[in-house]
Amino acid sequence: MFIVDEISAPRLGLTGLQADLPEQDRAIQESAHRFAKEVMRPIGEQLDKLAPQEVIATGSPLWSYLEQIRDAGIVDLEALASMDPAQKTRLLPLLFEELGWGDSGLAIFSLATSFPAYAAYLSGDPELVERFGGSIGSWVGTQPDRGSDMVDWDTTEIYPGTRHGKGNLLARVDGDAVILNGQTAAWVSGAPVAQCGLVYCQCDYGDGVYNERGGLNLIAMLVPFDEGGVSKGKPLDKIGQRPLPQGEIFFDEVKVPKKYVLTDRDSTSPNFFGVLTFANMEMGFTFCGVARAALEHALDYVHERRQGGIELIQHQSMKLRIFDMWRRVEAARAMAHRAAQYNYSANGPHLLASVTSKTLVTQTAFDVASEAVQIFGGNGLSKEYPVEKLMRDARAAMIEDGENTILSLKGATWLSKGYQAGR
Ligand SMILES: Cc1cc2nc3c(=O)[nH]c(=O)nc-3n(C[C@H](O)[C@H](O)[C@H](O)COP(=O)(O)OP(=O)(O)OC[C@H]3O[C@@H](n4cnc5c(N)ncnc54)[C@H](O)[C@@H]3O)c2cc1C
């Protein structure tokens, strides 16, 4: 049992039921929080109200955000790559929750645009680091006719007796180069401003594009966008995460040197598994921040707004509603941290851990933000108040990095495989 001398209010940290953090971790959390509060929130609010073209225009606050996050050294790729697994387990959830709390669209922008640079660092090849290490990047996976099919790249969820469509982007090996033709989906994060991409697409290695499972042979490569043959579509207009610019990229006979190829036919499947596992884990951290932001706004509001003769929080039904939000946020965060612990342990990484977290946390963020809108009453629907934006941002997350249903199907398949392997 616990021996308690004096009963007092619970001591809560930035992330609720937060145990004592080591000094260095607390310093990182606090500086990320300051940056999220002073830089990300105000810029995120401004960008949310702009048209997509204005978001990327010269002089837009997006560029000031990029400069400030670079100067603050908060997403330092070399430092992240050099952390040991224990540090990553502790620090990545803390860091990305704060950034998500600041603005999820900007948080995803920073991460997605650093994917090519991060892949270059991980390759250990100085030439790739030199070429891609300092560029604004993008993560190219989906195509107009190939959304969930890309997320189900290994065809675990394909309908029996069928095969995937050919999609809209095709690489072909040609001597010392790979030639790229076609287009991406309009959903590629950072595309309108990206200078390069970490591209995953179908590839004809000389024997057609299909594999024996009805899926497509894949290739992963780093592609510069400044060497001719690349053009961009109009930036996409969408309901949530509006500070995150997105759009199509078109490739016309783009010649990519073979030294920029990261993985080919056999090694791309495990490589994509690894990237999706990281991305889904990170989505879990970021959207804990969105869920927490909605809870905090609701907590403030119910202690200020009076109806029925008293502050809203004094009504018993409201207490239950607030407590339910709190409990959901705590449970989602516990899941996100658990995914990090598993992925950086000797048993991990595995997509099962990450999709369990991503689907739970993004659904929680949406449910909690939606309840916050309800608690704000009519004010919740007004753009004068912050909660409707959080609800829109969380809504987008349920489709981003894999739509939650298809991710859940893949999770179920892996759960069954794990169960059968352990029998
Ligand atoms: C905010 C945001 C950021 C994004 N960033 C990127 C990015 O950086 N790079 C990138 O490449 N893409 C990105 N995407 C694209 C995203 O990955 C896709 O939108 C997503 O995978 C869904 O694909 P889709 O939109 O084509 O929907 P579809 O695949 O057409 O799905 C439509 C519906 O059909 C269902 N469905 C599909 N297949 C099956 C199946 N086999 N069994 C049962 N149901 C099925 C789905 O569950 C869904 O409800 C982003 C999307 C968003 C919203």
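A polar contact is a pair of N or O atoms within 3.5 Å; within protein, one must be able to donate a hydrogen and the other to accept it, and residues adjacent in sequence count only if both atoms are side-chain atoms. One such pair joins Glu403 to the ligand: a polar side-chain atom of Glu403 lies 2.5 Å from an oxygen atom of the ligand. The protein covers 70% of the 990 Å² of accessible area that the ligand has on its own (Shrake-Rupley method, 1.4 Å probe).

This is a predicted model, in which local features need pLDDT of at least 70 and side-chain atom pairs count only at pLDDT 80 or more, while totals for chains, interfaces and linings use all residues. Residues are numbered from 1 along each chain as its sequence is written, and side-chain values use heavy atoms, with hydrogens and water left out.

**Contacts with the ligand**
- Ser148 has a polar side-chain atom 2.6 Å from an oxygen atom of the ligand.
- Trp187 takes part through its backbone, where a polar atom is 3.0 Å from a nitrogen atom of the ligand.

**The shell around the ligand**
- Among the 22 residues around the ligand (a heavy atom within 4 Å of it), those that come nearest are Trp139, Gly141, Thr142, Ser148 and Glu403.
- The shell has nine nonpolar, nine polar and four charged residues, with Gly counted as polar.
- At least two shell residues come from each of strand 1 (139–140), helix 9 (148–151), strand 4 (188–189) and helix 15 (404–422); helices (H or I, at least four residues) and strands (E, at least two) are DSSP runs, numbered from the N terminus.
- Helix 15 gives the largest share, three residues.

**Loop features**
- The peptide bond from Gly348 to Pro349 is cis, with omega near -5°, and Pro349 is in the loop between helix 11 (316–343) and helix 12 (351–375).
- Gln241, in the loop between strand 7 (230–232) and strand 8 (246–247), has a positive phi, near 50°, although Gln241 is not a glycine.
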